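Welcome aboard! Here are some notes to read alongside the model, one topic at a time.

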Amino acid sequence: MAATAEKIDKFELDGMDPEKIKEELLSRYPTKVARKRAKQIIINKVEGCEVPVIQSNVRTIPGLMSQRGCCYAGCKGVVLGPTRDIVNITHGPIGCGFYSWLTRRNQTDPSTTPDGHNFMTYCFSTDMQDQEIIFGGEKKLKQAIQEAYDNFKPKAIAVFSTCPVGLIGDDVHSVCREMKDKLGINIFGFSCEGYKGVSQSAGHHIANNQIFKHVIGNDDTVKEGDFKINLLGEYNIGGDAFEIERIFKKCGITQVASFSGNSSIDAFANSHTADLNLIMCHRSINYVAEMMEKKYGLPWIKVNFIGAEATAKSLRKIAAYFEDQKLTDKVEEVIVQEMPQVLKSIAEIKPRTEGKRAMLFVGGSRAHHYQELFKELGMITLSAGYEFGHRDDYEGRKVLPSIKVDADSRNIEELSVKADPEKFNPRKSPENLQKLKEKGLEFSSYEGMMPEMKNGVLVIDDITQYETEKLIELFKPDIFCAGIKEKYTIQKYGIPMKQLHSYDYGGPYAGFKGALNFYKDIDRMVNSRVWGYLKAPWQIKPELAATYAWE
Amino acid sequence: MAATAEKIDKFELDGMDPEKIKEELLSRYPTKVARKRAKQIIINKVEGCEVPVIQSNVRTIPGLMSQRGCCYAGCKGVVLGPTRDIVNITHGPIGCGFYSWLTRRNQTDPSTTPDGHNFMTYCFSTDMQDQEIIFGGEKKLKQAIQEAYDNFKPKAIAVFSTCPVGLIGDDVHSVCREMKDKLGINIFGFSCEGYKGVSQSAGHHIANNQIFKHVIGNDDTVKEGDFKINLLGEYNIGGDAFEIERIFKKCGITQVASFSGNSSIDAFANSHTADLNLIMCHRSINYVAEMMEKKYGLPWIKVNFIGAEATAKSLRKIAAYFEDQKLTDKVEEVIVQEMPQVLKSIAEIKPRTEGKRAMLFVGGSRAHHYQELFKELGMITLSAGYEFGHRDDYEGRKVLPSIKVDADSRNIEELSVKADPEKFNPRKSPENLQKLKEKGLEFSSYEGMMPEMKNGVLVIDDITQYETEKLIELFKPDIFCAGIKEKYTIQKYGIPMKQLHSYDYGGPYAGFKGALNFYKDIDRMVNSRVWGYLKAPWQIKPELAATYAWE
Amino acid sequence: MLLKHTTDEIKARKALTINPAKTCQPIGAMYASLGIHGCLPHSHGSQGCYAYHRSTLTRHYKEPVMAATSAFTEGASVFGGQANLLQALDNIFTVYNPDVVAVHTTCLSETIGDDIPQIFNKAIADGKVPEGKYVLHANTPSYVGSHITGFANMTKAMVDYFAVSNGHKEKTVNIIPGYVEPADMEEIKRLGDIMGIKTIMFPDTSKVLNGPMTGRFKMYPEGGVTIKELKLAGSSKGTIALGNLASGAAAKALDVKCKVPCQILDLPIGLQATDMFIDTLRQIAGVNVPDAVTFERGQMIDIITDMHQYFYGRRVGLVGDPDQILALAKFLVSIDMCPVYIVSGSPAGKKFVKRLEEITQEVPYEVKISVPGDMFLFHQWIKQESVDLIIGNTYAKYIARDEDIPLIRFGFPILDRVGHSYFPTVGYKGGIRLLEKILDAILDRIDRDSSDISFELVM
Amino acid sequence: MLLKHTTDEIKARKALTINPAKTCQPIGAMYASLGIHGCLPHSHGSQGCYAYHRSTLTRHYKEPVMAATSAFTEGASVFGGQANLLQALDNIFTVYNPDVVAVHTTCLSETIGDDIPQIFNKAIADGKVPEGKYVLHANTPSYVGSHITGFANMTKAMVDYFAVSNGHKEKTVNIIPGYVEPADMEEIKRLGDIMGIKTIMFPDTSKVLNGPMTGRFKMYPEGGVTIKELKLAGSSKGTIALGNLASGAAAKALDVKCKVPCQILDLPIGLQATDMFIDTLRQIAGVNVPDAVTFERGQMIDIITDMHQYFYGRRVGLVGDPDQILALAKFLVSIDMCPVYIVSGSPAGKKFVKRLEEITQEVPYEVKISVPGDMFLFHQWIKQESVDLIIGNTYAKYIARDEDIPLIRFGFPILDRVGHSYFPTVGYKGGIRLLEKILDAILDRIDRDSSDISFELVM
């Protein structure tokens, strides 16, 4: 990779040599650590559709302060958390349930399901005690499920295993089966112990598997509506999904299910009746899309509703798929209606944001998607990386065959899925798909983040606290995007930090209206006077003489 | 008076000799001051209906810190303030209007007059500036009246003169007449400059005179209703008048006008159509009652709705006056309905209040009326006095002929009122009145505070700060009643202090429900643990040794 | 509706003040006098004045407010108040034994034209002022200026009566804190203390009007500037006057009388005004700013940057006293808030209004300023276009309720809450308190107005 | 309704916790570790723990919360976490250079049974702990106790690892402040300072978790108890432990290990608990209480007596950590308020519940106590009979909104307001702040609920 350095447009890195920077980032590490990190810190270079290999989805290095969370967080927190009508019981000590209680801002609208159930404001836990560690927790879990049923009469209960559950050998799944039989409602478990895999990513996979096994396909009712789609990997942070739903509605597109922002288990059960899966967050949900395609015959396409242009592009993709002139016209009409205010806002704000420099280290797709919005504001992405992405998220799905399954991934169940003998129904003939592909509509495809980034910028996987600090000291970016743990560390440097998990309690940022919100927030952040107060007058001018206000 | 000391029940004064106490109160004063104050500090002694003479309604002694306010406060603040539908303009520098803005807790219910006018939340002032002091303020006043009219279109505007107005010679009354003619609404002024008289009392008189001259009798419409009365001298502090109105309503008594709690100028105008005037606060309003009797023929009786027993007694007086069996029955029925909860509350609270000792130095009738409530709780009044009472308020109206008019009273206009040739209508024949009198109903009569107080207690007129402190040091009463200026001075001694102007933002205290409120508040105050925290542990036990909580 | 007759139709007024945003001089003088140790304020006028002033101050502080009055009757109004004042001084020193009596006049005695120094001379000649006791006075006609003017005049009187130059400069720095709360005065002293500077602050109502409950009433509580300190103020290295309207006159008088140079600064409310105060103090005293102060500053900025999104762009209506609203407006602008309506009843001069205009020139809304103005006009502006927050005294609660706008109680008088006399709003710590109050107001409102769907756990 | 499925029908539960009023041990240990100067807390377990703890502490403090993790994968869970911890220590000291690493375990490493001292020995033997650097650890299994237990265990570890008796008693007094806010720790130190007492306080998160914005990020901020001080704690005259649950264990360990006698007191929240703290401190140190402290005490009582009518008889629901709710309940009772529902998720023992019952025995309502209990039950009680005020952490806002009850945010975590880390609630000044908050909550509600007719200017 060193050889590529000379060809890089150095302007993009404030005139700095990316190799030197990489060296600096690695210099303090013990040798072995440096060797490993060197494979995760990559200088981007796009040649055709080729980008360098980036090691990712590998173990977090102990002691280095990664941004990552655990398997449970990915399973319960991210994927299942936003479903309002399942009573989600955390089986384990109290902490895991407590920390994942309402902390992810998944908005939901219970008025859209007839029973109005919403358990998202509740935290359910078996609050495991030492006697359960010693004697096993199955009995308590069973009782907890019974109590949840008695108090809430939900239509489904899910159980999430935390670290000790696997170690002490509780058979969560058999307990769930037993209680399902007893209570007559859908009850299922997740073996999403925190130590599984190397990050949240393992939890997404486990979540996908179990929803697929226990829920999807349970309800074959074909609902009314044209252009039926499912939206996958959109978690309705700050109302993103509401904005996307608004646009769909306006376009006449029928959303059957969302995985899993503003979602209901009933919609999951019915989701295989849709005709197309749209993937927002490729990392967290691609498994479901792939399995649904195999079993039910729904194709999937990658979409992105972050960024006004990206939104327009995604809508056009959907229209292209359905091959319906009325839909195509409607989509164009909606774009024509929505874009003027976006362009007006850009015209007003861009002069103040143009040329400002951003860094994004977050999530498994957000570090990619949000570059769109910064681009719309004329801002430069100096460096980016994922917290829990895989190589396909960086380099594109074309590298999937070349990814070796390591020990940490091997322990995550890989479901073997076949076409359902009754329900499989290919929505498009292979010829039709081929025709659409030739028109530029890519199926089951994601190009990844790196091909869209400039040459010479640093792509860093699972960035450490140390590297974060170094980058900030070297570049002093105008804005940095990551999560809550990083926020104040960054801001202490006097650099505004935008949370891209919680949006700093703002949003929505998706769709057209979301873009407007984002522009305004970024304008506020990179142009505020409040970052100019860091030095006191006596620090700026320590000598003794001055003239003052009223004189 | 010294001669009477030996006959006094010393128990009432904690076994102390009242003469000695009086001596102590006077000892620090310069001789002349002591001589004056000696006439205002009286050891009570009731012999038949005779009580000692108490000098009152005399000048405040400069420098001694009296509780008193001024003529403007009595006129604008007390009597006219509670009338919601007159725009009351203070003519003078800003302060007087500002201080009397919403500070008296006169509640009012604008929904009871059709136009719903309520200007009590507003403060109107000419905000006199030095140029007006030099060149006169009439022009500005005229303009202010015009602006008030333009902005609010009220049915009446009143103008109140502050200290400088009299001195610079503004003719407020002629301005009012001129503007009345111009605008066609009722506009009238009050020469209630702060220096007039010796206290608020002068302001009451001036207020009475002008309402009588400019408003009462303006509307001869005889309204529907049985047993028509006016309630005089009730200012609806904390909703007192609402409670009294509730009781009247329940008894079938029709209140034509209230002077001036929850009042409207329309009701004043119509008040001469009632058949009986009831006086609560004798001091502030007796002038109106007397003048109405002379001009229109309405008799007046003294009532008191402070205290449940007093309320019952007052209701019976009214019934007796109207000589109607249905009313008498209704009144008895109401008393039977209302008293049980009063008695229940007393039974519960009295064991905790019995024998506690109170002092009351406040107002022109409250120091008298509230003794009723304390009596109901088994509490002893150790000492009492008025802020601005006259001898008749202390000793009873029988002393009126013997009160000499001094220079300070002489400057308050005394209206010469005669029977109205058309409207005079004696409600009862002289024979009838005599008959009622024989049955025990006293007309135009007020016995005063002193005859109802124990022998030996100190009655102190216009008490000073110094005397207040001395009394507290000597007696350490369980509760002290006065006004806001005194409140925290008293409380610093660790003695709860009840404001009897504002009720400390509690109330109502009138009527049956008010009595319940009062009992509860007094119970709370005299029995709270919070007065026991005054000494820190290291002040109580300064030596070094102790044992503590968790050991 | 509490103020149901207020509409958005604004009719020009030049004679009628409705719902004033000020009160009269004497109460300010009384408040300043309470900031002298062992002092009994005395109101030379009708007794109504002293009753009203004591009542209002008592409601604001929930503390004893001791003062005396000349208790004019009609006779005194005709013949002058000399006899009353002489008798009052005799009674006061005999019965209440203060160290000093601070006399302020009223509209009444001013209109009559009583000559207080002449009366003092007679009192002293007659032996009515005991040995070692003091009197001072300020002319505070109610029909000129406002309570701020009265405060300024009485503060200046402290200089006029007591400050003397002892011929060489002491290490002390004078601070005139302005018409602020006892807690503010305490905080200003604390900042001086941790900077290692010996300060003389006058007036100083801390420990006077926020005193303890001990079971003993002290007519003269332990706080207040002493006469000895006031004398010494004439020999200080310099004077810092905080708030031009309330403190400027005294500072200038001290310069003229004793050649003590002065800096007149804004009230140290908010980051930049506090910076200015600290920086001036260190320069006058010739000291370094200790890290502890810089640390507090950093804490304040930390909150500003952390919570910036909630401040940004919010429209604020500001009504209060001039020195306060100036400093507050600057503070609000500095955190990207938008003071759009600014009203004070106190006259403050054209330069003052110009500074307000400068401070608010970057606010992205039309900014309306009325100094002097009244709360009726302020309310009418809000009726025309609402605000997100009102900052004002207790009377503003009527507007806040009618218009459903959050209110932060600030200024004088606050009659319905406690806290203002115990916790400062000046200095960095005071700034943190203000930020907390602003955030509480805004976040409470967001919580209240959120739908169930958008209700936030973390903010 | 946010919690629409909560009804007043209470069904006995023994297995399912709903809406917990506690969290797990490790976060408490992490918080305590941050109170050692130059310390990097380290979570020995899966990386999810450290991520959750850092996130939660960060949301509460809006400050950097630095910590490391052993980042267990399945392999480590099977074979033990030694290799991970060794690698972590090497990386930490090499890259982040702390003075000390404080390791706490998790449910994972505890279930596995990792022997931390043995791993430390290996790390030291392997040269992974540089000269002059320290490690310490506490066992904090998540399935025992709560975050309070974790705090207590890590605080005790400070004693176990560092305290030594130097053979003669120093003049210092140890204070273990309990699981309180940085501002509380600062206030406790300030009280010691003005009493002229040299105190060693541990842990001490002041200036760590309420730090300034300066433009520089400091991984190890200036606050925290030093290792030198921790060593010296073994030679102090005595120890005051505030809050039995959070501080008792460390105090007793110090007594056993170094013969430093201890007094275990309630948290100094409220008048009487602060009295007890001050009185004990003066007795241990053998000093007189300065007037300044007594003055603050008097100010607090002044507010209590002035505003008593608003406190009297109001029903309060109290949910939080044991040491806190005990002190708060006592405080509320002392001002004639009525804590009627008291819940903590943390187990605290029968004696604790008995003390709560004693404290509340004069409350003229049925008092319901559930320790350990959860917020679902707390809410159900409120559904059955409402309260006038809730005091609890941010999660209580869901109940407060559903039931339209004013909420005072108190305890951990507070995720949606600022102020708690800057202004103390301990000591007399903290008491004044609490009184202000209670009054604001009650008076705001009175204002809101008053009719136009009964709306009050003065309160």
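1. Let's begin with symmetry in this predicted model. A turn of 180° with a shift of 0.0 Å along the axis lays chain D on chain C, and the RMSD is 0.0 Å. That is the relation of a two-fold axis. The contact surface is shared by both copies, since 100% of the contact residues of chain D recur in chain C. If you want a landmark, look for F423(D): of the residues of chain D, its C-alpha comes closest to the rotation axis, at 5.1 Å.

2. Next, the second largest pocket, which holds about 1,600 Å³ of space. Its lining has 50 residues, and R190(C), K429(C), E186(D), E187(D) and R190(D) lie nearest its centre. Chain C gives two or more residues from each of α8 (182-194), α12 (291-306) and α18 (427-449), while chain D does so from α8 (182-194), β7 (199-201), α12 (291-306) and α18 (427-449). By type, the lining residues divide into 21 charged, 19 nonpolar and 10 polar.

3. For an overview of one chain, take chain A. You will find 22 helices and 14 strands there, and the C-alpha trace spans about 80 × 65 × 60 Å along its principal axes. Its radius of gyration is 24 Å, which agrees with the value near 24 Å for a compact globule of 551 residues. Buried residues make up 67% of the chain. Among contacts between residues at least 6 apart in sequence, 76% join residues at least 24 apart.

4. How many residues of helix α1 (residues 25-33) of chain D are buried? Nine of the nine are, so the helix is largely enclosed by the rest of the structure. Among them are Q25(D), M30(D), Y31(D) and S33(D). These buried residues pack against α4 (94-99) of chain A, and within chain D against β2 (39-44), α2 (47-61), β4 (100-105), α7 (147-162) and α8.

5. Two loop residues deserve a look. D114(D) sits between α5 (107-112) and α6 (116-125) of chain D, and it counts as buried because its relative accessibility is 14%, where the cut-off is under 20%. Its C-alpha lies 6.5 Å from that of G81(D), although the two are 33 residues apart along the chain. Beyond its sequence neighbours, D114(D) touches several residues, including H44(D), F72(D), G81(D) and I119(D).

6. The other loop residue is S46(C), between β2 (39-44) and α2 (47-61) of chain C. At 1% relative accessibility, S46(C) counts as buried. Its contacts beyond four places in sequence include C70(B), C163(B), G194(B) and Y195(B) from chain B, together with T69(C), F72(C) and L108(C) from chain C.

7. Now to the enclosed spaces. The largest cavity holds about 630 Å³ and is lined by 44 residues, with V78(A), R104(A), Q200(A), E387(A) and H501(A) nearest its centre. Which element supplies the largest share of the lining? That is α2(D), with five residues. The lining divides into 19 polar, 16 nonpolar and nine charged residues.

8. Finally, the second largest cavity has about 200 Å³ of space. Of its 20 lining residues, R104(B), Y235(B), C281(B), S365(B) and R366(B) lie nearest the centre. Two elements of chain B, β6 (228-234) and α15 (366-376), give two or more residues to the lining, and α15(B) gives the most, with three. The lining has eight nonpolar, eight polar and four charged residues.

Conventions
Residues numbered from 1 in each chain as written. Chains lettered and ligands numbered in written order. Predicted model: local features only at pLDDT ≥ 70, side-chain atom pairs only at ≥ 80, totals over all residues. Heavy atoms only, no water. 1 Å grid on protein atoms, 1.4 Å probe; cavity = no way out; pocket = protein on both sides within 12 Å on 5 of 7 lines; lining within 4 Å. Points joined across faces, edges and corners; volume = space filled by probe spheres on them. Helix = DSSP H or I, 4+ residues; strand = E, 2+ residues; numbered from the N terminus. Nonpolar A, V, L, I, M, F, W, Y, C, P; charged D, E, K, R; others polar. Buried < 20%, exposed > 50% of the residue type's maximum accessible area, 1.4 Å probe, protein only. Contact = heavy atoms within 4.5 Å. Least-squares fit on C-alpha atoms with pLDDT ≥ 70 in both. Rg over C-alpha atoms; globule rule 2.2 N^0.38 Å.
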